[in-house]
Amino acid sequence: MLPPRCHVCHLEPAQSPLGDARSDFVLVYFADAVNPPPGWVGHPAGAVWFCGEHASLGEEREHLGSDTALRDIDAVLGRLPGRLSKTDR
Ligand SMILES: [Zn+2]
């Protein structure tokens, strides 16, 4: 499991002020997410972190596959797909 880090703004809980709404990180499981087997450690495929401010962007697209959903979010935000460095896997 990766530590929380917003897909949209790359905020991490340690960077957000205490009590800030954005510190409520949400792990959104997209349509292609799979439940990892018991005891498996790692980040589940198809699951993406969002901060409280951007969680709705992910939750609105839970029915989509993660690739489609993330591309759609990037498009909505006016970001070009693949332009940001991919440090998440
Ligand atoms: Zn965010």
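**Exercise 1. What covers the buried residues of α2?**

Task: In this predicted model, find what covers the buried residues of α2, and then work out how those residues are arranged around the helix.

Solution:
- Step 1. Look at the cover. It includes β2 and α1 (55-59).
- Step 2. List what is being covered. The buried residues of α2 are Ser66, Ala69, Leu70 and Ile73.
- Step 3. Look down the helix axis. The buried residues of α2 fall within an arc of 95°, so they line one face of the helix.
- Step 4. Recall a rule about helices. An α-helix has 3.6 residues a turn, so residues three or four places apart point the same way.
- Step 5. Turn to the face pointing away from the buried side. There α2 carries the exposed residues Asp67 and Ala75.
- Step 6. Step just past the end of α2. Here you meet Gly78, with a positive phi of about 80°.

**Exercise 2. Is Ala69 buried or exposed?**

Task: Place Ala69 in its helix, decide on its burial and list its contacts.

Solution:
- Step 1. Locate the residue. Ala69 sits in helix α2, which spans residues 66-76.
- Step 2. Count its neighbours. Ala69 has 23 C-beta neighbours inside 10 Å, and a residue needs 20 or more to be buried, so Ala69 counts as buried.
- Step 3. Set aside the residues within four places in sequence. Ala69 is then in contact with Phe30, Gly58, Arg61 and Leu64.
- Step 4. Pick out Gly58. It lies eleven residues from Ala69 in sequence, and their C-alpha atoms are 7.3 Å apart.

**Exercise 3. Which residues does Phe30 touch?**

Task: Describe the surroundings of Phe30, a residue of the loop between β1 and β2.

Solution:
- Step 1. Check burial. Phe30 has 20 other C-beta atoms within 10 Å, and therefore it is buried.
- Step 2. Read the contacts, leaving out residues up to four places away. Phe30 touches Gly46, Val48, Glu62, Leu64, Gly65, Ser66 and Ala69.
- Step 3. Compare chain and space. Phe30 and Thr68 are 38 residues apart along the chain, while 9.5 Å separates their C-alpha atoms.

**Exercise 4. Where are Arg5 and His10 found?**

Task: Describe the setting of Arg5 and His10, and say what is notable about the backbone of His10.

Solution:
- Step 1. Locate both residues. Arg5 lies in the segment before β1, and His10 is found in the segment before β1 (26-29).
- Step 2. Judge exposure. Arg5 has 18 C-beta neighbours inside 10 Å and so counts as partly exposed. His10 is also partly exposed, because 14 other C-beta atoms lie within 10 Å.
- Step 3. List contacts beyond four places in sequence. Arg5 is in contact with His10, Glu12 and Trp49.
- Step 4. Take one pair of C-alpha atoms. Those of Arg5 and Phe25 are separated by 7.9 Å, with their positions 20 residues apart along the chain.
- Step 5. Check the backbone. His10 has a positive phi of about 65° although it is not a glycine.

**Exercise 5. How many residues has the largest nonpolar core?**

Task: Describe this core and then the overall fold pattern.

Solution:
- Step 1. Give the count. The largest nonpolar core has 13 residues, and those with the most contacts inside it are Cys6, Val48, Phe50 and Cys51.
- Step 2. Find the suppliers. β2 (47-50) and α2 each provide at least two residues of this core.
- Step 3. Recall the general trend. In soluble globular proteins, nonpolar side chains tend to be buried together.
- Step 4. Step back. The protein has two helices and two strands, in the pattern β-β-α-α along the sequence.
- Step 5. Finish with the totals. Of its 89 residues, 21% count as buried. Among contacts between residues at least 6 apart in sequence, 55% join residues at least 24 apart.

How values were computed
Residues are numbered from 1 along each chain as its sequence is written. This is a predicted model: local features need pLDDT of at least 70, side-chain atom pairs count only at pLDDT 80 or more; totals for chains, interfaces and linings use all residues. Helices (H or I, at least four residues) and strands (E, at least two) are DSSP runs, numbered from the N terminus. A residue is buried if 20 or more other C-beta atoms lie within 10 Å of its own, exposed if 12 or fewer, and partly exposed in between; C-beta atoms are placed from the backbone. Two residues are in contact if their C-beta atoms, placed from the backbone, lie within 7 Å. A nonpolar core is a set of buried Ala, Val, Leu, Ile, Met, Phe, Trp, Tyr and Cys residues joined through C-beta atoms within 7 Å. The arc is that of the directions from the helix axis to the C-beta atoms.
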